[in-house]
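With the model open in your viewer, please follow this tour of its pockets and cavities, selecting residues at each stop.

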Amino acid sequence: MASAGDRWTQKPQYRVGLLVLERKRDGFDVAWGKKTRGKCWEALVTICGNNGYALKPLNGDHERVADDRSLRRALQKAHVDVDVVVATQPTISDGRLAAVLAQACAVPVVLWATPENPDVRGSPVGGVSSNSLVGTHLFAATLRQLGRRDVELVYQDQDWTAAASQLSRAIARAAGTARIKTAKIGLIGHQAPGFVDLHPDPFALHKTFQGCVLEHVGLADLVQAADGIDQASVDADRKVNVPGAFADRVDDERSSRLYIALKRLVEAENLDAIAIRCWPELPRDYGQWPYLAVTRLADEGLPVACEGDVDGALTMLCCKFLGCGAPYISDWLEHDQTSFVCWHGGMCPTCLTSDPGDGGGPRIRPHFNNKKPAVVDATLKPGMDVTVCRFWVCDGAYHAMICNGRSKPAKRPLSGNNGLVQLDLSDRGGRDLFACFEDWVIQYGMPHHVIICQGHHKASLVKFAAARGVKVV
C-alpha cells in the first residue's frame, strides 16, 4: 500500500537510508575510504534531490557500524524512517555482519561497491586500497543464500556518473518491489463485455507479486456514491481548472461527481490503483463517460485502467512504483515493421500529451462513438523516449512484454488519444514487429492493451519481472 502522500504523486517519494559498513580496526587505505564515503553521500544527496526522496544517514553522529550491536542500532532507525537501505563499504567491512544484515534488516537493501584508488602509489596495502567489491560480493552472495531476494547490487568501477544512474534505478526498483507486495488494486465492475482476455486471476496476482491483492467494488455502488456527493462539493470541483478547460467544455456535473466518488473510494479503501468498467453502463445509464475523471486522477498520480483491465492497472502501478512516471493504457491499433499506432477513447495523462498550442493538446470533447461526454482528446507527445510494456496471465502464469521505444509524430488525426511509437527491436534476433506481434499474441496470449510511460525503463522492468519469476517474451 502506498503512503497517503505517494498515492497522489506520479513518482513515489521514497525514504533512503545510507549505511556505511566498517571494521573495528582500520584496514586498507583509510584516507581513500574517507574520501569515498564523502563521495557516496554527495551522490546520494543529488539522486534524492532529483527524485524527491528523503535521505537519512543511519550511522548517526558518525558512529562506526562495525559489529552486531552497532549494526542493529542503525537498522532500528531504518525500520522506522526509511523504505530502502543503501549499504556501502568504502573499505571492506566485517563479513560476519552479512548474516546480521540479512536477519535484522526489514526493508530492501541496495549493496553499493565503490572503486579502488586508481593511484596505487597512494595505497599502503600492496596497491589494494579498499577491497570494497570483494566485501560487497561476499555480502551479496550471503544475503541471497540466506533467502533474501530484495537485494540490489551497484558497481561501475571508476565511473561515478554511471554508478549514480545505476544506483538511482536500483533504489526505485528495491523500494518499488516492497511497495508492490503491500499494494491493493480495486476492480470497479468487471471487464468490458467480451473482453475476456482481460479477465483477472487474483490468486496468481497475489502469488506472483508476493502479496498484492485485488478488491472488487460494484459499479452500481460507484454510481450511488456519485449521486450522493453533496452539491457544494460538486460546485467547488466545477470551478477547478481541469485539463482542457481552455476549450469548450462539454462535460457536466456528473463528471465531477464521478471524479469525487472515485477519489473518495480510493481513500476509503486504501487503493493504490483501480480498473474500471467504463462502458456500456456509465455512458448509457448514467449519461457520462468517466474519462475526464480518469485523466484527472492519472494527472494526480493514481494509475487507472479502463475496461476493467486489472493486469493493466497492475502494470501501471509497477511502472509508477519503479519510478517510471505517469503511465498511459492504450489499444494497439495498427503497426508496420517497426512502429505501432496507440489509440484509445480519451484518458491519457496530460503530462504525456502534446502542448495545447500545437493542435494535439488536451481538449474535452464528447466521445466519438455515442457523442456523450466527456473524454479528453489528445495526441501523444512526439520526441519522447518511452517504454511499452504489459504483464498478463496465460496458461496459469504471468508473462511480460517490455520494449523501449520513441514516440513519433502521429500518422493522422484521430479522436480520443492517438500516437505513433517506434520500438527498439534490436534484441529480437532480426525479427520485425509483424513477427514479434504474432508471437506475443499467438504464442503467449498478450491481451489487447499495452502500457506506455516516459523514459527507457526496460532494464529495470526486466529485472523486476525476473525476480518475480515472470517470463519476459
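In this predicted model, the lining of the largest pocket is the place to begin, and its residues divide into eight nonpolar, seven polar and eight charged. The volume of this largest pocket is about 510 Å³, and if you select Val20, Glu22, Gly33, Lys34 and Arg37 you will have the closest to its centre among the 23 residues that line it. Next, colour strand S1 (15-20) and helix H2 (30-51), the elements that give two or more residues to this lining; H2 provides the largest share, six residues.

Move now to the second largest pocket, which holds about 360 Å³ of space. Select Arg149, Val151, Glu152, Lys463 and Ala467, which lie nearest the centre of this pocket out of the 17 residues lining it. Helix H5 (132-145), strand S5 (151-154), helix H6 (160-181) and helix H15 (458-467) are the elements that each give two or more residues here, and H15 gives the most, with four. By class, the lining of the second largest pocket comprises eight nonpolar, one polar and eight charged residues.

Finally, turn to the enclosed spaces, for the structure holds three cavities of 30 Å³ or more. The largest cavity has a volume of about 60 Å³, and to display its lining you should select Gln10, Ala298, Gly301, Leu302, Pro303, Lys320, Gly325, Ala326, Pro327 and Pro349. Coloured by class, the lining of this cavity shows six nonpolar residues, three polar and one charged.

Technical notes
Residues are numbered from 1 along each chain as its sequence is written. This is a predicted model: local features need pLDDT of at least 70, side-chain atom pairs count only at pLDDT 80 or more; totals for chains, interfaces and linings use all residues. Side-chain values use heavy atoms; hydrogens and water are left out. On a 1 Å grid over the protein atoms alone, a cavity is a set of points where a 1.4 Å probe fits but cannot get out, and a pocket is an open set with protein on both sides within 12 Å along at least five of seven lines; lining residues have an atom within 4 Å of a point. Grid points are joined across faces, edges and corners, and a volume is the space filled by probe spheres set on the points. Ala, Val, Leu, Ile, Met, Phe, Trp, Tyr, Cys and Pro count as nonpolar, Asp, Glu, Lys and Arg as charged, and the others, Gly among them, as polar.
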